[in-house]
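Okay, thanks for making room for me today. I'd like to take you through a few side chains that I've been looking at, so let me put the structure up.

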Amino acid sequence: MTSRSLVPSHVAVIMDGNGRWASHRGRPRWMGHARGARTAREVVAHCARLGVDNLSLYAFSSDNWKRPREEVGFLLELFASHLESQLADLLQHGIRLSIFGRRDRLPAALVQAIAHAESRTAQGTRMHLRVAIDYSSRAAIAEAFAQSAAAESMAALDAATPGQSLLPPVDLLVRTGGERRLSDFLLWECAYAELAFLDVPFPDLTTEHLDTVFADFAKRERRYGAAPGQAVVSDDDDALAAAVPAARPVAQAQKKL
Ligand code: IPE
Ligand code: IPE
Ligand code: MG
């Protein structure tokens, strides 16, 4: 199936460049993270406005435990306080929040704040915001395989995704901060994602940057292996339905608002 002129249904963002943003200003790295949290709030609001169904943010990777203790401690506290301070906003805008990744290594207070925010926002239908904390895509894929070992097929893995270790397919992946790599984020889900690498550090990301990336996305013809302009032809409709994300025309997505 090939398609154009779409709002991405699932947007994933690797929020990178916080530390360098601060260092370039002669400031401690934690200040970059604090500014990054503000930017994250704007990204969430803007994606909801644009009609995105799923927004997945990379906040802390399983490899980020390698960082200095103080930086890790600051980040974990920032997540807990941000969850609390954003709750009213999320509820007001009908946004459902989920955290994905390991929880067994997180401080009890953070695990509690996560459970609270998740249950309070569970009825939100406008957008599903997922935040990755202590997340490794390779670990998630290994877990999904272990969970569906009995099913032994890719289709079974796709079918097993909602609410488990794998997420819906990503339509658009954005990474700020100048690096052009995935750093163990949503490797399976990004099979046919459009990739946007921005040099701007995350704290400086604006809604205009996002608009530009979305406008570029809307121009892409997504072919999923088909020839340009080719109509849907599949001898395995279930596999195709699982692989092709549910993206919708811009006007239709904005009608949701
Ligand atoms: C991303 O910014 C935030 C986290 C990984 C928690 P960085 O902290 O990686 O910032 P840089 O890449 O060092 O500038
Ligand atoms: C990826 O950024 C993790 C997050 C943005 C949370 P990193 O800064 O940790 O990735 P590398 O080390 O540059 O690959
Ligand atoms: Mg980084």
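I'll talk about salt bridges, then an arginine in a loop, then one helix. Keep in mind that this is a predicted model.

So, salt bridges. As a reminder, side chains of opposite charge can pair when their charged atoms come close. This structure holds 18 salt bridges, and I'll pick out a few.

Start with aspartate 16 and arginine 175, whose side chains meet in a salt bridge at 2.9 Å, N to O. What does that pair tie together? Well, aspartate 16 sits in the loop between strand E2 (10-14) and helix H1 (18-23), while arginine 175 is in strand E6 (residues 172-175), so the bridge joins parts that are 159 residues apart in sequence. And are these two buried or exposed? Both aspartate 16 and arginine 175 are buried.

That pair has company, too. Asp16, Arg20, Arg175, Glu179 and Arg181 are linked in a network of salt bridges. Within the network, arginine 181 and glutamate 179 meet through their side chains at 3.6 Å, N to O. Here we're looking at partly exposed residues: arginine 181 has 46% relative accessibility, and glutamate 179 has 24%.

Another one to look at is aspartate 104 with arginine 102, a salt bridge whose closest N and O atoms are 2.7 Å apart. Aspartate 104 counts as exposed because its relative accessibility is 58%. Its partner, arginine 102, is partly exposed, with a relative accessible area of 38%.

Okay, on to the loop. Arginine 67 is placed between strand E3 (54-61) and helix H3 (69-92). At 30% relative accessibility, arginine 67 counts as partly exposed. Which residues does arginine 67 touch, if we don't count those up to four places away in sequence? They are Arg29, His33 and Val72. There's also a polar contact between the side chains of arginine 67 and glutamate 71, at 2.8 Å.

Last stop, helix H5, residues 137-147. The buried residues there are Ser137, Ala140, Ile141 and Ala144. Looking down the axis of H5, those buried residues fall within an arc of 100 degrees, so they line one face of the helix. Flip to the other side of H5 and you find Arg138 and Ala146, which are exposed.

If you want one picture to take away, go back to aspartate 16 and arginine 175, a buried pair that belongs to that salt-bridge network. That's all from me, and I'm happy to go back to any of these views.

Conventions
Residues numbered from 1 in each chain as written. Chains lettered and ligands numbered in written order. Predicted model: local features only at pLDDT ≥ 70, side-chain atom pairs only at ≥ 80, totals over all residues. Heavy atoms only, no water. Helix = DSSP H or I, 4+ residues; strand = E, 2+ residues; numbered from the N terminus. Buried < 20%, exposed > 50% of the residue type's maximum accessible area, 1.4 Å probe, protein only. Contact = heavy atoms within 4.5 Å. Polar contact = N/O pair within 3.5 Å; in protein donor to acceptor, adjacent residues only side chain to side chain. Salt bridge = Lys/Arg side-chain N within 4 Å of Asp/Glu carboxyl O. Arc of directions from axis to C-beta.
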